[in-house]
Amino acid sequence: TEALADSQTSVESKLPALGGRIVEELSEACFSYLKNASEVPRLYRRTNKEVPIKASLYVENALKPLHQLQSEYKAVVKENRIEEWLSGALRICSERYYETVSDVLSSVKKMEESLKRLKQARKSAAASSMGTNSGISDDNKIRLQLALDVEYLWDQVQKLGLQMSTFTQFAALLELAQSAKAIATVDPV
């Protein structure tokens, strides 16, 4: 029994490092998809693509590692430990995702301002025909898509059963997305 106790002590001493590694791997697996937010402008700029109405596929894919951990290991790992790992991974992901979305929105704003200056400088019929058919600019489509993505991620993370009040960066991310959505939807549809 002494050998068993020593083995248990040895395993328990390695749990924090193992947990840290799991959080690191899980956050990396999720963010490998979330970083695709930087591709959203490419999908809407000068493509005449319709106004977005649902979240991008990359968000659903980013959630898969979280769901997989929760479903596949619930029988062998304590629920509070799984929640701890999920929370740790989501904290890291939400910080990195916030930076990505913020950078994209900042570049969209810069591009929009640059195009406005260019249009004002030209003030020609050719410049005024560059609008989109749907009446909403490409920049606003990008803002709407990112808002849909962030809101969907928020809803899905809540369904994991985690305490959302502990994710301050997630709340800031949601606020950023809602602000972008407000800019994009000045005229109600």
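This is a short guided tour of a predicted model, moving from one helix to a loop and then to a pocket.

**Stop 1: helix α6**

Start by selecting residues 138–159, which make up helix α6. If you like a quick geometry check, put a distance between the two end C-alpha atoms. At 1.5 Å a residue, the 22 residues of this helix should span 32 Å, and the end C-alpha atoms are indeed 32 Å apart, so expectation and model agree. Now turn on a surface or colour by accessibility. Is α6 mostly covered or mostly open? It is mostly covered, with 18 of its 22 residues buried.

Before moving along, step just past the end of the helix and pick G161. This glycine comes just after α6 and takes a positive phi of about 85°.

**Stop 2: L148 and its surroundings**

Go back into α6 and select L148, which sits in that helix. Show its contacts, ignoring residues up to four places away in sequence. Which residues does L148 touch? You should find P52, I53, K54 and A55. For a sense of scale, add V108 to the selection: L148 and V108 are 40 residues apart in sequence, and their C-alpha atoms are 16 Å apart in space.

**Stop 3: the loop between α2 and α3**

Next, select the loop that joins α2 (40–44) to α3 (57–72) and look at S56, which lies in it. The relative accessibility of S56 is 16%, and since buried means under 20%, this serine counts as buried. Show the side chains of S56 and Q145 together, and you will see a polar contact of 3.1 Å joining them. Beyond residues up to four places away in sequence, S56 touches Q145 and D149.

Stay in this loop and select R46, which is also found between α2 and α3. On a Ramachandran plot, R46 has a positive phi of about 55°, although it is not a glycine. Is R46 buried or exposed? With a relative accessibility of 70%, R46 counts as exposed, because the cut-off for that class is over 50%.

Then pick N48, another residue of the loop between α2 and α3. N48 is not a glycine either, yet it has a positive phi of about 60°.

**Stop 4: helix α4**

Now move to helix α4 and begin with S87, which has its place there. At 14% relative accessibility, S87 counts as buried. Leaving aside neighbours within four places in sequence, S87 is in contact with L162 and F167.

Further along, select S107, which lies in helix α4 too. S107 is partly exposed, at 36% relative accessibility. Add P41 to the view and draw a C-alpha to C-alpha distance: S107 and P41 are 66 residues apart in sequence, but 9.3 Å apart in space.

**Stop 5: the second largest pocket**

For the last stop, select L105, K109, E112, E113, K116, R143, L176, S179, A180 and I183, which line the second largest pocket. Its volume is about 180 Å³. Colour the selection by helix. Which helices each supply at least two residues of this lining? They are α4 (79–122) and α7 (168–184). The largest share, 5 residues, comes from α4.

Recolour by residue type, and the lining divides into 4 nonpolar residues, 1 polar and 5 charged. If you would like to see how helix residues can face a common direction, keep this in mind: an α-helix has 3.6 residues a turn, so residues three or four places apart point the same way.

Finish on S179, a lining residue whose place is in helix α7. How exposed is S179? It is partly exposed, with a relative accessible area of 40%. To link this stop with the previous one, draw a distance from S179 back to S87: these serines are 92 residues apart in sequence, and their C-alpha atoms are 25 Å apart in space.

Notes
Residues are numbered from 1 along each chain as its sequence is written. This is a predicted model: local features need pLDDT of at least 70, side-chain atom pairs count only at pLDDT 80 or more; totals for chains, interfaces and linings use all residues. Side-chain values use heavy atoms; hydrogens and water are left out. On a 1 Å grid over the protein atoms alone, a cavity is a set of points where a 1.4 Å probe fits but cannot get out, and a pocket is an open set with protein on both sides within 12 Å along at least five of seven lines; lining residues have an atom within 4 Å of a point. Grid points are joined across faces, edges and corners, and a volume is the space filled by probe spheres set on the points. Helices (H or I, at least four residues) and strands (E, at least two) are DSSP runs, numbered from the N terminus. Ala, Val, Leu, Ile, Met, Phe, Trp, Tyr, Cys and Pro count as nonpolar, Asp, Glu, Lys and Arg as charged, and the others, Gly among them, as polar. The expected span of a helix is 1.5 Å times one less than its number of residues. Buried means under 20% relative accessible area, exposed over 50%, partly exposed in between (1.4 Å probe, protein chains only). A polar contact is a pair of N or O atoms within 3.5 Å; within protein, one must be able to donate a hydrogen and the other to accept it, and residues adjacent in sequence count only if both atoms are side-chain atoms. Contact means heavy atoms within 4.5 Å.
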